[in-house]
Amino acid sequence: MNYETLVPVMRRLALEAGDTIMEIYGADDFEVKTKSDDSPVTAADEAADAIISEGLRAAFPDMMLVTEEQSATHSAKGDTFLIVDPLDGTKEFVHRRGDFTVNIALVEDGKPTRGVVYAPAKNRMFFTQANGQTVEEAAPFDHDLIGSLTPLSVSKPDNDALMVVASKSHRDQATDDYINKYAVRDMTSAGSSLKFCLIATGEADLYPRVGRTMEWDTAAGHAVLLGAGGKVVRFDDHSELTYGKEGYANPFFIAYSPAVDLKPA
């Protein structure tokens, strides 16, 4: 894969999808359907998916593509592929909370190596450049011209005063029990893949996820965090979180700045 070609395509498609999502977000109402796993899906999910998947297939016809909204892609097998969640945080979208993102990533040999996370309602854009360094681009965004960039690097946290980020929609006792093993200065909540990005920017140090996620939920944020010097490991044994797993389901995991003294599960 030519990263110099890939990164601008992923960025442009994320912006195009984000424009469509915001058009629907700004409407008086929109239909919310329920998928077989009881998760919500809207016209915004479907429209964004069409833009991204068609764009990726046109640009990279020989590359395997896995996308949340196309169940036929979920049976594809491989360890190198493009993976898409066109609207991560549909619950945030439905409740008009703004913490939703467009996610596109490249996985190579089971590892997310390049990714884009775009939060259109928050005007925040994070992506890995061709050289692997993660940047945040300042708004306003031009589809074809990359604007002002800030290279990102994870925090050097004080283990006696950590900043923890947790899910808005999926907090539970198991998560709180694990967080309580740390000396926490403060906590913030965020929806969708923005939690990975907050660690990448140094705004947070630790994000434990003790709950169900799929690879399309995490791949782009994982790539963004890796490009800023962060890590994502399995919750149970602290081994690296890998991709291309059976059914594209993730185990519980921890995303963090490597200077955090990780506690056992």
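**Annotated binding-site residues and the surrounding sheet**

In the unreviewed UniProt entry, the feature "binding site" is placed at Glu68, Asp85 and Leu87. In the predicted model examined here, these positions cluster in space, with a largest C-alpha distance of 9.2 Å, although they are spread over 20 residues of sequence. The record also places the feature "binding site" at Glu68, Leu87, Asp88, Gly89, Thr90 and Asp217. This set, too, clusters in space despite being spread over 150 residues of sequence, the largest C-alpha distance being 12.4 Å.

Glu68 is located in the loop between β3 (65-67) and β4 (81-88). Its relative accessibility is 16%, and glutamate 68 therefore counts as buried, the cut-off being under 20% relative accessible area. Asp85, in turn, lies within strand β4. Aspartate 85 likewise counts as buried, because its relative accessibility is 1%. When residues up to four places away in sequence are not counted, the contacts of Asp85 are with Glu68, Thr101, Val102, Asn103, Trp216 and Asp217. Of these partners, Glu68 is annotated together with Asp85 in one UniProt feature, whereas Asp217 is listed with Glu68 in the other.

The contact between Asp85 and Asn103 can be placed in the pairing of two strands. Asparagine 103, in β5, stands opposite aspartate 85. Strands β4 and β5 (residues 101-108) run antiparallel and are joined by 6 bridges. In general, the strands of a sheet pair through backbone hydrogen bonds, in either a parallel or an antiparallel manner.

Both strands belong to an open sheet of 7 strands, ordered β3-β4-β5-β6-β7-β8-β9 and with mixed pairing. The edges of the sheet are formed by β3 and β9 (149-151); each has a single partner strand, so one side of each is left without a neighbour in the sheet. On average, and with direction ignored, neighbouring strands of this sheet are turned by 20° against each other. Helix α6 (residues 215-226) lies across β3, β4, β5, β6 (111-119), β7 (124-128) and β8 (134-137), and runs at about 100° to β6. Trp216 and Asp217, which are in contact with Asp85, fall within the residue range 215-226 of this helix.

Gly89, a position of the second annotated set, is found in the loop between β4 and α3 (90-94). With a relative accessibility of 15%, glycine 89 counts as buried. Leaving aside neighbours within four places in sequence, Gly89 is in contact with Phe100 and Ser192.

Key. Residues numbered from 1 in each chain as written. Predicted model: local features only at pLDDT ≥ 70, side-chain atom pairs only at ≥ 80, totals over all residues. Heavy atoms only, no water. UniProt positions renumbered as here; feature names shortened; annotations may be inferred. Helix = DSSP H or I, 4+ residues; strand = E, 2+ residues; numbered from the N terminus. Buried < 20%, exposed > 50% of the residue type's maximum accessible area, 1.4 Å probe, protein only. Contact = heavy atoms within 4.5 Å. Pairing = 2+ DSSP bridges. Axes fitted to C-alpha atoms, helices over the stretch in contact; angles between N-to-C directions.
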